[in-house]
Amino acid sequence: MKNLNARMVSAMALVIGVCAFGSANAASTWTFGGVDGGNATTSYTASSLGDPTLDVSGAYATNGASNSGFASAWTMNTSTPTATTNNSTLKYYSGGGLGMWSDGNGTPNHAIDNVGTNTEAVVLKFGASVALTSIGLGYVDTDADISLFRYTGAGTPAGSPAFNGTGSTLASMATAGWSLVGNYANMAQDTSNPYNLVNSGNLTSSWWLISAFNSAYGSGNATTDAAAGLTQGNDSFKIYAVAGAKPGNKVPEPTSLALMGIGLLAVVGVRRRNQSAALS
């Protein structure tokens, strides 16, 4: 009996461990790389075979009252595993990640930022719908507040391959099919997965836009935004990696994993008792 109990405990630990391992690896990651400061050389490394392809591009909107929306041209290429762009403002910076220099190549204007003339953003086009779950930042200067959107419109985003003014207001983004997932304040430099968590509702899309915070996408109340830690004009960061899960690959809760293990062991125990009874 003691040996049986010991084997059952060992089996339970094994089952829960296997489930936990599968759970921890359910999310896919895309880690950016390329030639330092090079144009059209941004690449990514996916965490496992079969992960959706990823294309990246840059866009920027003019800050302040003259904000005309995201207006820079961008082009998607579907090469695998390398994603390239003809927008020379989007670059990979070694040790940091994806950055832009739409209004200057010095610190902090070689990051994704809202410092100076423009609010900058990166567009991610996945080969399949994913729920973006975390964003890794390899570099932060002063602050890192972001506005995160997913595309929920029909077909491809309107105006492709240019935003054509989309982005000047939250209403214009919604009209163009971009849905605000959330504004996130004070994100940390973090290159360990899971990264800065986003999208707690597990919303999905194959198109995502990560922008330095724009007050046009906040609550509309400067005092409320400031209290939440959201400020425009001092945010600079580089995107090291992103993580997400394909629909159907949701990570089980720890309680569910434990119950799964106990249930499997209960079945094994009943079967063994039945076999012992049949032999007696």
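User: In which strand is Asn196 found?

Analyst: In this model, which is a predicted one, Asn196 is found in strand 10, and the chain as a whole has 4 helices and 12 strands.

User: Why is Asn196 called buried?

Analyst: A residue counts as buried when its relative accessible area is under 20%, and Asn196 has a relative accessibility of 12%, so Asn196 counts as buried. Leaving aside neighbours within four places in sequence, the residues in contact with Asn196 include Thr133, Ile135, Leu137 and Met187.

User: What makes the approach of the Asn196 side chain to Ala188 a polar contact?

Analyst: The side chain of Asn196 reaches the backbone oxygen of Ala188 at 2.9 Å, and the cut-off for a polar contact between N or O atoms is 3.5 Å, so the distance of 2.9 Å lies within that limit.

User: Why is the pair Tyr195 and Tyr240 called edge-to-face?

Analyst: Two such rings pair if their centres lie within 6.5 Å, and planes over 60 degrees apart count as edge-to-face. The ring centres of Tyr195 and Tyr240 are 6.3 Å apart and their planes stand at 75 degrees, so both values satisfy the rule and the pair is edge-to-face. By this rule the count comes to 4 aromatic pairs.

User: What parts of the chain does the pair of Tyr195 and Tyr240 tie together?

Analyst: Tyr195 lies in the loop between strand 9 and strand 10, while Tyr240 lies in strand 12, so the pair ties together parts that are 45 residues apart in sequence.

User: How do you know whether Tyr195 and Tyr240 are buried or partly exposed?

Analyst: The limits are under 20% for buried and over 50% for exposed, with partly exposed in between. Tyr195, at 7% relative accessibility, therefore counts as buried, whereas Tyr240, at 26%, counts as partly exposed.

User: What makes Lys238 count as lying over the face of Tyr139?

Analyst: Lys238 lies at 4.4 Å from the ring centre of Tyr139, and the rule asks for a distance within 6 Å as well as a position within 35 degrees of the ring normal. The distance of 4.4 Å meets the first of these limits, and Lys238 is recorded as lying over the face of the ring.

User: Why is Asp51 called buried, and which side chain does the side chain of Asp51 make a polar contact with?

Analyst: Asp51, in the loop between strand 2 and strand 3, has a relative accessibility of 13%, which is under the 20% limit, so Asp51 counts as buried. The side chain of Asp51 makes a polar contact with the side chain of Ser28 at 2.7 Å.

How values were computed: Residues are numbered from 1 along each chain as its sequence is written. This is a predicted model: local features need pLDDT of at least 70, side-chain atom pairs count only at pLDDT 80 or more; totals for chains, interfaces and linings use all residues. Side-chain values use heavy atoms; hydrogens and water are left out. Rings of Phe, Tyr and Trp (its six-membered ring) pair if their centres lie within 6.5 Å; planes under 30 degrees apart count as stacked, over 60 as edge-to-face and the rest as tilted. Helices (H or I, at least four residues) and strands (E, at least two) are DSSP runs, numbered from the N terminus. Buried means under 20% relative accessible area, exposed over 50%, partly exposed in between (1.4 Å probe, protein chains only). A polar contact is a pair of N or O atoms within 3.5 Å; within protein, one must be able to donate a hydrogen and the other to accept it, and residues adjacent in sequence count only if both atoms are side-chain atoms. Contact means heavy atoms within 4.5 Å.
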